[in-house]
Amino acid sequence: MAKKSSKGKDKKLARKAENERAAAVAAAVKVLNEGSASGDLLAAHYPAFTRFDRNGLTAALRFYAAKELPHALLDWALGLTRDHMAALYDACPGWGWSDAKKRAELADPAARYLVVFEQQQAQQQQQQQQQQQADAGGASVPAAAEGEAAAAAPLTAAAGAAAVEAPAAASALDEQRENSAVAGNTSGTQAAPGSSNASGSGGGDSCLPGRPVAFLHFRFEVEEGEAVLYCYEIQVAAAAQGKGLGRFLMQLLELVGRRSGVARLMLTVFHANTAALALYKRLGYVLDNDSPGAVDPSGDHKYEILTKRLPAPAAAKA
Ligand SMILES: CC(C)(COP(=O)(O)OP(=O)(O)OC[C@H]1O[C@@H](n2cnc3c(N)ncnc32)[C@H](O)[C@@H]1OP(=O)(O)O)[C@@H](O)C(=O)NCCC(=O)NCCS
């Protein structure tokens, strides 16, 4: 009797290995999602990035999972995105701007946010005073932060050592949680949460550390069988643009990606958005293999998918 071919068995084994790998990636992404579902990830794990202070802009940063994002902040994020993006969406066949769709995207439970709040001198002083009081009384990490630190262990466990350097201006509120109610900022024309002329009553308004000026919406996802960190949105208000904030937020996102052990960062950008394209190119993003321009280089495309591969976590290399 002829020897039975082992090809079928090999295929079955390869399929099994592939299924196991896919399940492991899905499980890792689930852990990342669960680990970032509550608490202030920034204060707990990235304290050097809780402040931005350069080019005349002094700001505090906070992290929110979608379910913890105050309603007024969601409204503000929607308005800012509409102001900047509606025309670009409308110019792209098949996209078209829709408030309802964007609101649903922003409110999706998988959404994670980095929000930047401009601070006026009085707000900075108030925070400093609170910090001094906390130091004098023996500062302790709030219970929520401790709980989150435990739950989010995978976000730090992979600590791909070569983390993006905290910019020099990121300062000194290390280990501090901003849990204070801060008076609103009334400067500028646009009503926003944190400003006294803001309309709407989303939860947590009074706890905002200033006037929101920028946000980045990201998610942990599986793409092409890999764990990725997808940047859904980055929006910097016009008055805060050109001060390094966009770069700062993207660098912070990269740090989160590295520490989380994801394979790469991804985002979608319109061709017409030259400022954003310049930013991403400068940060080392390249065309994704699945991007319209990569699939059909001679076509006339309105948008592209960009990607930036991250180094494998040190533990995985060994
Ligand atoms: C794109 C955006 C996020 C950049 O944020 P920002 O805080 O103004 O950018 P930064 O000051 O950090 O600049 C970083 C880099 O971006 C590029 N850049 C920023 N603004 C630019 C502009 N108007 N034209 C060309 N390049 C620009 C530059 O390469 C710059 O690097 P450099 O400072 O070394 O020259 C901001 O302009 C924005 O929110 N635009 C509207 C919303 C939007 O388009 N979002 C992106 C959707 S994909």
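This is a guided walk through the structure above, from its overall build to the surroundings of its ligand. Keep in mind as you look that the model is predicted.

Let's begin with the whole protein. It has 318 residues, and 35% of them count as buried. Its chain forms eleven helices and eight strands. Now think about which parts of the chain meet each other. Among contacts between residues at least 6 apart in sequence, 74% join residues at least 24 apart.

Next, find the sheet. Eight strands form an open sheet, and if you step across it you meet them in the order S1-S2-S3-S4-S5-S6-S8-S7, with mixed pairing. Which strands sit at the edges? They are S1 (51-54) and S7 (286-287), each of which pairs on one side only. Further in, S4 and S5 pair in the antiparallel sense over ten bridges. One pair you can look for is Glu223, whose bridge partner in S5 is Glu226.

Now turn to the helices that lie across these strands. Helix H8 lies across S1, S2 (57-65), S3, S4, S5 and S6, and runs at about 160° to S5. Helix H3 lies across S3, S4, S5 and S6 (264-270), but its angle to S5 is about 85°.

H3 deserves a second look. This helix covers residues 71-90, and at His84 it bends by about 50°. Which of its residues are buried? They are Ala72, Leu73, Leu74, Asp75, Trp76, Ala77, Leu80 and Thr81. If you wonder what covers them, the answer includes helix H4 (99-107) together with the strands S3 (112-118), S4 (211-223) and S5.

Finally, let's visit the ligand. How many residues surround it? There are 19, and the closest are Gln241, Gly246, Arg247, Ala275 and Leu279. Three elements each give two or more residues to this shell: strand S5 (226-236), helix H8 (245-260) and helix H9 (274-282). H9 gives the most, with six residues. You have already met the other two: S5 pairs with S4 in the sheet, and H8 is one of the helices lying across the strands.

What kinds of residues make up the shell around the ligand? Eight are nonpolar, eight are polar and three are charged. To trace this for yourself, start from S5 in the sheet, then move to H8 and H9, since these are the elements named for the shell.

Key
Residues are numbered from 1 along each chain as its sequence is written. This is a predicted model: local features need pLDDT of at least 70, side-chain atom pairs count only at pLDDT 80 or more; totals for chains, interfaces and linings use all residues. A residue is near a molecule or strand if its C-beta atom, placed from the backbone, lies within 6 Å of it. Helices (H or I, at least four residues) and strands (E, at least two) are DSSP runs, numbered from the N terminus. Ala, Val, Leu, Ile, Met, Phe, Trp, Tyr, Cys and Pro count as nonpolar, Asp, Glu, Lys and Arg as charged, and the others, Gly among them, as polar. The bend at a residue is the angle between axes fitted to the seven residues ending there and the seven starting there. A residue is buried if 20 or more other C-beta atoms lie within 10 Å of its own, exposed if 12 or fewer, and partly exposed in between; C-beta atoms are placed from the backbone. Two residues are in contact if their C-beta atoms, placed from the backbone, lie within 7 Å. Two strands pair if DSSP finds at least two bridges between them. Axes are lines fitted to C-alpha atoms, for helices over the stretch in contact, and angles run from 0 to 180 degrees between N-to-C directions.
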